[in-house]
Amino acid sequence: MNKVILLLGSNLGNKKNNILDAIQLINNEIGTVINKTEIIRTEPFGYNSKNYYLNSGLELHTYSSPMTVLKKLKEIENKLGRKIDSSISGKYEDRTIDIDIVYFNNIVFLSKKLTIPHVQHITKREFSQKILYQLI
């Protein structure tokens with residue numbers, strides 16, 4: 001069983017419902033959600049937007065590999081209306097949902113599509129650190 005820590009964010013549409021819907025889909029399609037944090041309001045990070053974010057984190061237990069989890073998360077983002085991924089566009093944009101893998105067990109994993117742990121969340125985003133503190 002793999003322990004995965006995810007961070008979720010939304011700044012378009014019904015932000016709270018986007019996060020709650022994502023959590024439900026994650027629980028149904030990837031693994032068992034063991035713990036989740038409160039949903040907090042944050043300002044955009046890394047770009048300018050008039051839309052504030054709602055963010056949350058969760059702990060997930062799954063039998064899937066890191067790349068399988070990533071693939072399924074991208075499918076969930078797409079189901080919830082996210083069409084453009086910043087890893088493809090090369091820039092941050094407003095989004096209905098964003099789901100990032102921050103930790104996967106205690107592994108270090110590097111590929112073109114995925115880096116674990118997610119260094120930006122751990123070292124540069126204060127709101128992420130507050131959320132992660134609730135889970136770790």
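This is a short walk through a predicted model, from its nonpolar cores to its salt bridges.

Start in the interior. The largest nonpolar core has 24 residues. Leu6, Ile26, Ile99 and Ile101 have the most contacts inside this core. Strand 1, helix 1, strand 4, helix 2 and strand 5 each give two or more residues to it. Helix 1 gives the most, with five residues.

Ile99 is a useful place to look around. Leave aside its neighbours within four places in sequence. Ile99 is then in contact with Leu6, Leu7 and Leu8. Ile99 also touches Ala22, Ile26, Leu73, Ile76 and Glu77. Keep Glu77 in mind, as the salt bridges lead back to it.

Another core lies apart from this one. The second core has eight residues, among them Ile40, Phe127, Ile131 and Leu132.

Phe127, Ile131 and Leu132 take us to helix 5, which covers residues 126–135. Phe127, Ser128, Ile131, Leu132 and Leu135 are buried in this helix. Look down the axis of helix 5: its buried residues fall within an arc of 130 degrees, so they line one face. Glu126, Lys130 and Tyr133 sit on the other side of helix 5 and are exposed. What do the buried residues of helix 5 pack against? Their partners are strand 1 (2–10), strand 2 (32–36), strand 3 (40–42), strand 4 (53–62), strand 5 (98–104) and helix 4 (119–123).

Strand 4 holds Thr62. This residue is buried, with a relative accessible area of 2%. A polar atom of the Thr62 side chain lies 2.7 Å from the backbone oxygen of Ile30. Beyond its neighbours within four places in sequence, Thr62 is in contact with Met1, Asn2, Val4, Ile30, Gly31 and Val69.

Now turn to the charged side chains. The whole structure has seven salt bridges. One of them joins Lys79 and Glu29, with the closest N and O atoms 2.7 Å apart. Lys79 lies in helix 2 (residues 66–79) and Glu29 in helix 1 (residues 15–29), so this pair ties together parts that are 50 residues apart in sequence. Is Lys79 buried or exposed? Lys79 counts as exposed, because its relative accessibility is 53%. Glu29 is partly exposed, with a relative accessible area of 30%.

Helix 2 also holds a pair of its own. The side chains of Lys74 and Glu77 form a salt bridge, at 3.4 Å from N to O. Why are Lys74 and Glu77 separated by about one helical turn? They are separated in this way because they are three residues apart in helix 2. Lys74 is partly exposed, at 29% relative accessibility. Glu77 is buried, at 2%.

Arg95 and Asp98 form another salt bridge, also described by an N to O distance of 3.4 Å. Both Asp98 and Arg95 are buried. Which residues share a network of salt bridges with Arg95 and Asp98? Lys74, Glu77 and Arg82 do. The network thus takes in Glu77, a contact of Ile99 in the account of the core above.

Note on methods. Residues numbered from 1 in each chain as written. Predicted model: local features only at pLDDT ≥ 70, side-chain atom pairs only at ≥ 80, totals over all residues. Heavy atoms only, no water. Buried < 20%, exposed > 50% of the residue type's maximum accessible area, 1.4 Å probe, protein only. Helix = DSSP H or I, 4+ residues; strand = E, 2+ residues; numbered from the N terminus. Arc of directions from axis to C-beta. Contact = heavy atoms within 4.5 Å. Salt bridge = Lys/Arg side-chain N within 4 Å of Asp/Glu carboxyl O. Polar contact = N/O pair within 3.5 Å; in protein donor to acceptor, adjacent residues only side chain to side chain. Core = buried A, V, L, I, M, F, W, Y, C linked by side-chain atoms within 4.5 Å.
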